[in-house]
Amino acid sequence: MLLIRLLLSLVLASFVLSPAPALATAAVLTKGGDTAAEEAEKAPPPIDQWGRSTPRGLVEGFLNAIGKEDYEKAAQYLDLGKIPARERATRGPQLARDLQGLLDKGGWFYPSSMLSSARDGKLTDETPAEEDREDVIGNLRGNGKTIDIIAAISKDENGHPIWLISGDTLSQIAGLTGSAADEPLINRILPDTLVELKWGGAPAGHWLAMIVLLAASYGTAWFIILGLVRLGKKYWKRRASVNGHHVLDAVRVPASLYLAVWIFGLASLWLGVSIIVRQHIGQLNVIVAWTAIALLAWRLIDIFAEATQQRIGSNGRFYGFSSILYFFRRIIKIVFGVVVAFILLDNLGVDVTAGLAALGIGGIALALGAQKTLENFIGSLAIVIDQPIHIGDYCKIAGVAGTVEDIGMRSTRLRTNERTLVTIPNGDLSNQTIENYARRPRFLVSKKFELRYDAGAGDILAFVRKYEEILFASEHVNEEGFPVRYLGPGPNGHMIELFFYINVTDNNEYLKAQQALMLQMIDLVNTLGLYFVIPSQTMLPAVDQRGAEAGVHAAAVPSVKPAAAQ
């Protein structure tokens, strides 16, 4: 932090002390009108009053005009450059009507989220010069033909660039308008009252029909997907695959939503629902489609992680793989959730470019102010990569012993034997000494005891050999080394040491095996007529310097002699 503050101070100081601002000001004053002219040329053109500065504004403005049945205004969004000037006042509105009829008859504009909101449109490596730039914004159908609706850059009366529906597109409308005079199917089905009554520039019956169509589309999609899922389960049942059932259950709901979107869109085109209604509902369709994709991906991430853990995690070489999988599954979900959130916001008309820029600036500020959080996150990455612990391991960290319950992006949680929960920041954990009891392949039994001195060498040798036979006969004891050792005379008797391993990894199994072996040792000692040494104490009288009287008094205190018990 001190280094960062020092660097910021130096930058600010250099900015304040630098003569560059004064020199720049002098240069501007020297150049005068030339600089002002250059800046005026570089300045972006003013925003068009009709909203034609971008392809998205062109489509929204045109729909708004035909919704109000203002076809003179709708003609302002058409490139009438190929029509003689004296005919534009009459042919322009008529072309707008014809275009609306074709759109209602099965044509469409792309949803607003798919239309460019930039002045230059959708830029690619093959984008042509400005005067020739074009974007496809929709599609028209009629008389068995299909054409693209092209938006092209033109010039307004002031010479500023604007987007208009291209003259080439308008010239092809005449070949399609023969079918536009036919009454849409939905108008033939609905009562005349609902067709004549207008809501938002479209027949009221069209809005009501879309509500019914939404429910019918989802119901149809649900039954179709349900039938496919049942067929799939029968197939997976024959193959005895549990994961196949899980995948089908996860796919059912998002697949129903996604299929409903397609059924709804195709049905609305077939019925000839007004382009105004379809454009508004189309935005909802895009949101539902992305939601279905997000839900499907979210569920498949979990299923893939669980299947991978079952397949790989059981292998001893990949012990603890579940911890890594669990961590990265959480990271992928967060990243994917953020991406989908930005896509949905863009579909709702929110300027996500400004949001991303704000996130970039905020990220720098956050990085400077949340160093401890970043340290914990980096520590969690180190734990996942190095794998000193895994979820479910019993270990001791910083003097705290417990079972690892969770390895998060910020901290790790231990459940102690007292059932308390201890949270350790990952930044601190990565620098701690970790004793992982779960990693040991076997348990050590190391005990020392003494037998009474009245046992002879033959008795001691018999005990050592017979107890070794008992240990080696056990299925849990490792046969390497010398498990029973005579160490020689001890303070109170013959010193015997037990040093062997029990080949189990579970603590409860270890305790059971050790208990059985210790009980067998006691039976063997009793069978051989040997005795354990019982520790005892001897209390000696204190000598008082005041004379014999104190000595006589002290001699009256009984002494406790060493005792040996069977």
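1. Let's start with the four-stranded sheet. In this predicted model, four strands make an open sheet, ordered E1-E2-E3-E4, and their pairing is antiparallel. E1 and strand E4 (161–165) are the edge strands, and each of them pairs on one side only.

2. A closer look at E1 may help you find your way in. E1 pairs with strand E2 (residues 134–142) in the antiparallel sense, over two bridges. If you would like a landmark for this pairing, tryptophan 108 stands opposite asparagine 139 in E2.

3. Which helix lies across this sheet? Helix H6 (residues 88–104) does, lying across E1, E2, strand E3 (145–155) and E4. H6 runs at about 70° to E2.

4. Strand E1 also takes us to the largest pocket. Its lining draws at least two residues from each of strand E1 (108–109), helix H11 (242–271), helix H12 (275–312) and helix H13 (321–347). Of the contributors, H12 gives the most, with nine residues.

5. For anyone thinking about the pocket itself, its volume is about 790 Å³. The lining of this largest pocket counts 27 residues, and those that lie nearest the centre are Pro111, Gly265, Gly282, Asn285 and Val286. By residue class, the lining divides into 17 nonpolar, seven polar and three charged.

6. Now to the three-stranded sheet. This open sheet has the order E12-E14-E13, again with antiparallel pairing. Strand E12 (443–451) and strand E13 (484–489) stand at its edges; each has a single partner strand, so one side of each is left without a neighbour in the sheet. From one strand to the next, the twist averages 20°.

7. How many bridges join E13 and strand E14? E13 pairs with E14 (residues 494–502) over five bridges, in the antiparallel sense. Here a handy landmark is arginine 485, which stands opposite glutamate 497 in E14.

8. Two helices deserve a mention alongside this sheet. Helix H17 (residues 457–473) packs on the sheet and touches E12, E13 and E14; the direction of H17 makes about 160° with that of E13. Helix H18 (residues 507–527) packs on the sheet too, touching E12 and E14. The direction of H18 makes about 25° with that of E12.

Terms used:
Residues are numbered from 1 along each chain as its sequence is written. This is a predicted model: local features need pLDDT of at least 70, side-chain atom pairs count only at pLDDT 80 or more; totals for chains, interfaces and linings use all residues. Side-chain values use heavy atoms; hydrogens and water are left out. Two strands pair if DSSP finds at least two bridges between them. Axes are lines fitted to C-alpha atoms, for helices over the stretch in contact, and angles run from 0 to 180 degrees between N-to-C directions. Contact means heavy atoms within 4.5 Å. On a 1 Å grid over the protein atoms alone, a cavity is a set of points where a 1.4 Å probe fits but cannot get out, and a pocket is an open set with protein on both sides within 12 Å along at least five of seven lines; lining residues have an atom within 4 Å of a point. Grid points are joined across faces, edges and corners, and a volume is the space filled by probe spheres set on the points. Ala, Val, Leu, Ile, Met, Phe, Trp, Tyr, Cys and Pro count as nonpolar, Asp, Glu, Lys and Arg as charged, and the others, Gly among them, as polar.
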